Amino acid sequence: MKLIFKSIEKDGCGSIGLIPEEPEDMWHAFNLIAEGDAVTASTVRKVQTESSTGSSTSNRVRTTLTITVENIDFDTQACVLRLKGRNIVENQYVKMGAYHTLDLELNRKFTLKKALWDSVALERVDTACDPATNADVAAVVMQEGLAHVCLITPSMTLVRSKIDMNIPRKRKGFVQQHEKGLNKFYDAVMQAILRPKNVDFNIVKCVIIASPGFVKDQFFDYMIQQAIKTDNKLLLDNRGKFLLVKAASGFKHSLKEVLQEPAVLAKISDTKAAGEVKLLESFYTMLQLEPAKAFYGKKHIDKANEAQAIETLMISDKLFRCQDIQKRKEYVAIVDSVRENGGDVRIFSSMHVSGEQLDQLTGIAAVLRFPMPELEDSDAEDGDSESDSD
Amino acid sequence: MARHRNVRNRHYSDEYYDEDLYGNSVEEDSCLSPSDTAQWMYDRSRNQQAISHFLDSANDIQEESEDEHPNISQPALERRESTDIRSLNLDEENEAKLMSCLDALRDILGDTISENILIQSVLKHNFDYDKALDEILNNNKSKQHGVPKVEPAKPTLTIDPLKPAAVISVPKVIATNLEPKSMAIVKGFKIGLSEDSGSRPQTPRDQSPCTERAAIKTEQIEEVKTPKVKENKVDPNKQYNQERGSDKDHLYIVVIGHVDAGKSTLMGRLLCDLGEVSQKTLHKYEQESKKIGKQSFMYAWVLDETGEERVRGITMDVGRAQFETKTKHVIILDAPGHADFIPNMITGAGQADVALLVIDATRGEFESGFDLGGQTREHALLVRSLGVSQLAVAVNKLDTSNWSQERFNEITKKLKSFLKQAGFKDSDVTYVPCSGLTGENLIKPPNEPELLQWYNGPCLLDVIDNFNVPERPVSKPLRMSVNDVFKGTGSGFCVSGRIENGMLSKGDKVLICPTKEMAEVRSISLNDLSSNVGFAGDQVVATISGVEMQNVSVGCVLSDPIQQVPVTSRFEARIVVFNVKVPITKGFPVLIHHQSLVESANIVKLKALLNKSTGELIKKKPRCLGNNSVAVVEIEVCRPICVERYKDVKELGRVMLRVAGVTIAAGLVTDIVTT
C-alpha cells in the first residue's frame, strides 16, 4: 500500500489517501474501513440520460464518488473489497443520497475519512505501507484423500484449493484400485499447485509439502516423475523450493504444526504467521504450567489490565472490525493502556490459522507478568456473549 | 461373464509363471553364493528350524480342515451359479414376460429369495407365474431342511434359547420390505404345499452330501416348525437365530501394538499355520522377501499387500483376513502400528469386538514402545475408548530372550497396572507368550523346553477361541457405518462397513446420511461370500444403486429410512482428557474421529468439569481442561455428521479427539444439538 497523504486533526478526525498495490492490501483496507466512514474512490457507474425527445440512453461513465459506508464485503478468495453506501458528494451523474457500491481497485487511489483515527487504525496504516518485501509461502497439507493448497501471505492464509477425494482402501485382490485412486489424487494436487493463480513460483519463497506418513514423499516423487515425463520446466526449475515436512493430518489447522517445524521456521522466520503461532503456543504452555498467569476473555483481561499485569496481549483483528463503535473503543483502550504500561500487543490476523483459533478463544488473550489467582476464582460467566456475537 | 473367467484363469497361470521366474532370477541375479549371503545377512530364523519345515506342518493342518471346507463354501454354492438376465439370451418379448413374472413373485415373496432362483424357476415353467411360485415355495421349505444339516455336530439348542432371551425384542422395528398382507398369502400356500409335500430337491444345498444323516433325524421334528419362523421374518431376532444360530459366531479382532512389534508377522504366521494361505503363495513371498533382503517379513506379506507396505516393511492400512477356530469364525483386522497411521488403526478398532495387543519382548523394544510416545499405550487406550473390553496380550518375540519367565513376568506386571488404569478388567485380559516368526505357542501348545518349564496356559488360538462374542443388537433400526467406497464388478458400486445395529437384507431401501439420499441394496457380501442378509456386528460389502458414487463417502451411515440416524454439526459430549501437552480451551481445533470418519472440529464450549471417579460437578464453565480431567463440552464439526447418543447406539456415540497426531481425549456423545 502506498500512502499519498495523511491529514489528521488533533481530535483524531481526518482523512488519509492510499493506493492499494497488492491483493493483500485489500485485506488491510477491509480492516481499516468501518461502517460510517467516508470513502472517495474512482468508480464506474451506469448513468441513464434522457434526451429532449424522451428517448433514454444508458452508458457507463467513470466518475469519482464519495460514499458513507453502510456495508462492507470482502471476498477472501479473490481479495475484492466492495463498499456499499450513499453518495454524499453530488456530481453531474449521481445525485446526493443515491446508493452506490464501490469496488476498490488495485493501483487506484482512494481516500478514507474517519471521524476518529485511533491508534489501532493508524498502526494498521503503518504496517500496510511498510515496504519491507513480504515473502509468500505456499503450503500443501495433505493426507490420503484430502489436501489443502494454501498460500500464506504476511497477514493472510488463503486456501487456494481443496482436494477431497475418496480413495478406496486396499483389499484383497483390489490393490490396483487403491493405487489408481492414489495416483488420481496426486494428479489433482499437482494440477492445483501448477495452476498459476494458486502458486506463483516467481513470488513464493518456498512450497511446503506436509503430510503424515509417506504421503508427502510419495507425492513429491510422483510430481517430479510427472514433471520429467511431461518436461515441465516450471516444476523442474523450482525443485529446490519444495520443502517436505511432517504434519499430523491434511486439515487446514495442521498448518499450525507445519509453521512450527524448525526447517520451515528457518525459511520463513520473518512471516507474521509463524510468529503468531509461536505466541499462541506460549500462551497455551503458560496455561498448562501456570494457569494463574494466562487468561482469556474480555472480562478477565480487563481486570488484569487494571492491575497492569499484562505482559503480552494477543488480540484478533476481528474485534476491531466489529460494527459496534463503543465496543471497538473499549478494545482500543485496552490496547493503548497495555502499551502504556510497557506491555507487548500483538494483533493477530483472523485469516491465519492461529488467528482463527484465537477468534474461537473469545478473540483476546494475555500472558501476565505475575500470577493473579483471584481472577481464576471469580466465576467466569462472560465470554459466551462475545464469542457468540459473530 | 465367460470372458471374465478366461481372464481370471489366465491371470492365475501368469502368476505361476511369475513365480518360476522369481525362482530363477534369485539364482541368476545374485552373484553371492547363498552361504556368503547368509554370512552377511541377519536372519532371525537361522537358529530355528528351516522355513520349509513349517510348511510341512501347515500342510498337515490343511488336510485336517479339508472336511470342514465344503461346508463353508456350501452357502455360496447356490449363488455362484449366478444368472444374469442379459446372459439368458432372451428375446425382448420373453424378457418382458420374465420381468413381469419376477415382479409378481417379488410382491409375494419379498426379497427373501434370490433373484437367480426366481429366474430359474420362471424359465423352467415357461413364464407360468403360478407354477413357478409353487416350486419356489416348495423349495423354500426344503431349504429349511438344509439349514441344520450344515453343521449338525454343533448343539444348536444351547445357543438358540440364549439369544432371544438376552436381546430385548422391539416389535416396532420392522424390516421394511415385507408387508404383512403378503404374509398371509404365503401362509396359505405353505399349508397347502406342505400337505402334498412334492418338493423336489433343486438347490445345490439339497443335493449336497450331508455328513451325518443320523443327526438329522433327531432334528426332523423341530423342522416342522421352522417354516413358520421363516414367515415371521419381521422379527429380526428370530431370523438372526435362524440364519446364524447354527453357524459359528463371528468374532472381529483387531491386532494392535507398537511399530515392529510383529503384529502382521504374528497374524501371517497364524494364518499360514492354520492353512489359510496356500503353500505356493507362501513360497512366493519367501522368495520375494529374500530377494529384497527382508526374509523375516515373509509372513507379514500375507497381510501387507501393497507394494509400498512391502518395500517399507510396515503396515499402513488395516489388513483383513479370516480363519476359523473350534467355535468361532474369526476375522482379524491387522492395524498399523506406526504413529502416522493411527487414523487407520482407529478405523480398524472401531469395527472390532475384541483386541489382541502384541508386545515386543525384545529388551529395549518393549520399553521404547511402552514409554510415553510409544504406541502401546495409545493403542490400548484407544481400543478401550472405542468400546473394546476384552484383550489378549501376546508377548511376542520371547524367543529373543530365551523364553525367560523373568522377562515375561516383568512385562506382564508393567502392563497389568497400566491396563487396569486404562479401564480393562483383570479378568478380561489374558497374557500369552509366543513367537510369531517361529510360530511357537500359536496354534499348538509350545514345544520349547524353556517355555514348557514355566508355561502351561493356553496357546494363542485357544485364547482367541475363548473370547466372548458380544451381544448383537439385531432388532434395533439399521445403522451401518461406511468405511470404504469402491467400484465393484458389475453395475453400481460397493460400500463396505460394519453394521452396528439392526440388519440389512438384499433389496432393502436405505437412507444414506448425512446426504440423506435413498439407495437400494443390490447385493450383500459377507466375508467375501455373497449373502442375502447381514446382521449387526457383521462386516459387509454392500452393492448399492440409486445414488451417485461421489455422494457417498467414508464416514457416511446407511440408516433405516423411517428411524433415521440424527445428522448434526454440533453435539455435546462427555470427554476424558488424556495426557496433553497444552490444556484444552474453548475454541480448540481438533480432529474428530467418529467410526471411520475424520473431520475437523472445534470445541466451542466447555460446559462443566466433572469429578473423575464420582462424576460430580466440580466447576461450571471451566477456563481450561488439564490432564486426565473429565468434562462436558460442546463440539462443533465443520460438516454435519451422523452421531447418535451413546445411550442409544454405543458405537455411533463414541468420538476420539486428536490434535497434531496425538489423541487428546475420548468422548461419549451425551446430547445432540439440533441445528
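User: What makes strand 1 and strand 3 of chain B a pair?

Analyst: Strand 1 (residues 249-257) and strand 3 (residues 328-334) of chain B are joined in the parallel sense over 7 bridges. Two strands pair if DSSP finds at least two bridges between them, so these two qualify. Strands are DSSP runs (E, at least two residues), helices are runs of H or I of at least four, and both are numbered from the N terminus. One bridge sets Val254(B) against Leu333(B) in strand 3.

This is a predicted model: local features need pLDDT of at least 70, side-chain atom pairs count only at pLDDT 80 or more, and totals for chains, interfaces and linings use all residues. Residues are numbered from 1 along each chain as its sequence is written, chains are lettered from A and ligands numbered from 1 in the order written, and side-chain values use heavy atoms, without hydrogens and water.

User: Why are strand 2 and strand 6 of chain B called edge strands?

Analyst: Each pairs on one side only. Their sheet is open, with 6 strands in the order 2-3-1-4-5-6 and mixed pairing.

User: What does helix 20 of chain B touch on the sheet?

Analyst: Helix 20 (residues 375-385) touches strand 1 and strand 4 (354-360) of chain B. Contact means heavy atoms within 4.5 Å. The direction of helix 20 makes about 150 degrees with that of strand 1. Axes are lines fitted to C-alpha atoms, for helices over the stretch in contact, and angles run from 0 to 180 degrees between N-to-C directions.

User: How do you know that Arg639(B) and Asp164(A) meet in a salt bridge?

Analyst: Their side chains come to 3.3 Å, N to O. The definition asks for a side-chain nitrogen of Lys or Arg within 4 Å of a carboxyl oxygen of Asp or Glu, so the pair passes. Chain B and chain A have 2 salt bridges between them.

User: How many residues of each chain are in contact, and how much area is buried?

Analyst: 55 residues of chain B contact 44 residues of chain A. The two chains bury about 4,200 Å², 50% of it on carbon and sulfur atoms. Buried area is the accessible area (1.4 Å probe) that two parts lose on being put together, summed over both. Lys586(B), Lys621(B) and Arg623(B) supply 19% of the area that chain B buries against chain A, more than any other three residues.

User: Which strands flank the turn that holds Asn527(B)?

Analyst: Strand 11 and strand 12 of chain B, a hairpin with 2 residues between them. Asn527(B) has a positive phi of about 50 degrees. The two strands pair in the antiparallel sense over 3 bridges.
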